[in-house]
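Subject: Structure handover

Hello,

Here is the structure I said I would pass on. My notes follow underneath.

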Amino acid sequence: MSAAELGVENLTVAAGARRLVREVSLTAAPGETIGLIGPNGSGKSSLLRAVYRVLRPEAGRVLVDGADAWSVPVRRLARTLAAVVQEPGGDLDLTVREVVAMGRTPHKRLLDGDGPDDTRLVEESLALVDAAELADRPFDRLSGGERQRVLIARALTQQPALLVLDEPTNHLDVRHQLAVLGLLRRVPTTVLVALHDLNLAACHCDRLYVLKDGEVVAAGPPRQVLTARLLAEVYGVAGEVTLHPRTGAPHVVFLPEGTTPSVRAGARAGAEAGGDRPPVRVRGPRGGCPSREGT
């Protein structure tokens, strides 16, 4: 299956009288990795829930390859879109292998069993997230990081054209954070991912959308989006942004409260990030960061 095109058009999501997301629009071309960043409560998870059909929007549309995601049958959408949510729960009375095999459900009829291809996909997905040795263990006895990797494996087993992930690096150690995000750059799918770590987002995403109070306040390539001014205005913190000499991606350093960023560093970051120019759509590898070459 080829990667899908995602379009979110003027999406508004509400909970009672409170609007969690306000008229948000974004796009993801087939094969792109799009990052959602922003402080807690900015609307990232609510936006993702509307995309993977858990939270019905009050207005606007979610389009997957041109089809309205909220109008197509759930089973049909599940053959295209897979989601890794932030709080999956750990009470599944199943082995890890059985949990990952659930990713094949949308591709089967009601009483179909697992065939050789299903078994192969399960084993391959577990290996990709470094969880092959967990296959026979009870899912509910895993650590938080182990569960997270298993759930990512389940989503990969689904063979989605669009993969939506809400904080997939939660609970993961540094090695597995890098491995999982590097994997997302290699799989032949479109990725929409919410991340808190700005340096990981800068190195692994083609473009970023910054949310604050349910609205998009900045969008574009990481080099243009991540600036000291944005850190101050959106996150309320002082920081310096430079280009990392090894990866070529923006590198964010947060400063202790009361510290003023240096003029030299701030000016350099602004110049390298493109100043106040409008975002320009770019694709392809950046320095030492993972690319999609070979997919």
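The notes below cover the sheets, the helices, the nonpolar cores and one loop residue.

This is a predicted model, in which local features need pLDDT of at least 70, side-chain atom pairs count only at pLDDT 80 or more, and totals for chains, interfaces and linings use all residues. Residues are numbered from 1 along each chain as its sequence is written, and side-chain values use heavy atoms, with hydrogens and water left out.

Helices (H or I, at least four residues) and strands (E, at least two) are DSSP runs, numbered from the N terminus. Two strands count as paired if DSSP finds at least two bridges between them.

Sheets

One open sheet has 6 strands in the order β6-β7-β8-β3-β9-β10, and its pairing is mixed. β6 (81–84) and β10 (215–220) are at the edges with a single partner strand each, so one side of each has no neighbour in the sheet. From one strand to the next the twist averages 15°; axes here are lines fitted to C-alpha atoms, for helices over the stretch in contact, and angles run from 0 to 180 degrees between N-to-C directions. Within this sheet, β3 (residues 33–37) and β9 (residues 207–212) run parallel and are joined by 4 bridges. Opposite I37 stands V210 in β9.

Another open sheet, of 4 strands, has the order β2-β1-β4-β5 with antiparallel pairing. Its edges are β2 (18–28) and β5 (67–68), each with a single partner strand, so one side of each is left without a neighbour in the sheet. β4 (residues 59–64) pairs with β5 over 2 bridges in the antiparallel sense, and V64 stands opposite A67 in β5.

β11 (residues 239–243) and β12 (residues 250–254) run antiparallel, joined by 5 bridges. They form a hairpin with 6 residues between them, and G248 in the turn has a positive phi of about 80°. L243 has P250 in β12 as its bridge partner.

Helices

Helix α1 (residues 44–51) packs on the sheet that holds β3, touching β3, β6, β7 (162–166), β8 (190–194) and β9. Contact means heavy atoms within 4.5 Å. The direction of α1 makes about 150° with that of β7. α1 also lies across β1 (6–15), β2 and β4, at about 115° to β1.

The axes of α4 (residues 116–128) and α5 come within 8 Å and cross at roughly 135°. α4 is therefore oblique to α5 (under 35 degrees is roughly parallel, over 145 roughly antiparallel, 65 to 115 roughly perpendicular, the rest oblique). On the α4 side the contact is made by L121, V122, S125, L126 and L128, and on the α5 side by A153, L156 and T157.

Cores

A nonpolar core is a set of buried Ala, Val, Leu, Ile, Met, Phe, Trp, Tyr and Cys residues joined through side-chain atoms within 4.5 Å. Buried means under 20% relative accessible area, with a 1.4 Å probe and protein chains only. The largest core has 47 residues, and L126, V150, L165 and L226 have the most contacts inside it. Helix α5 (residues 144–157) gives the most to this core, with 6 residues. Apart from it lies another core of 30 residues, including A28, L48, V62 and V72.

Loop residue

P57 lies in the loop between α1 and β4 and counts as buried, at 16% relative accessibility. Leaving aside neighbours within four places in sequence, P57 is in contact with L11, T12, V13 and W70. P57 and W70 are 13 residues apart along the chain, with their C-alpha atoms separated by 9.1 Å.

Regards

Technical notes
Buried means under 20% relative accessible area, exposed over 50%, partly exposed in between (1.4 Å probe, protein chains only).
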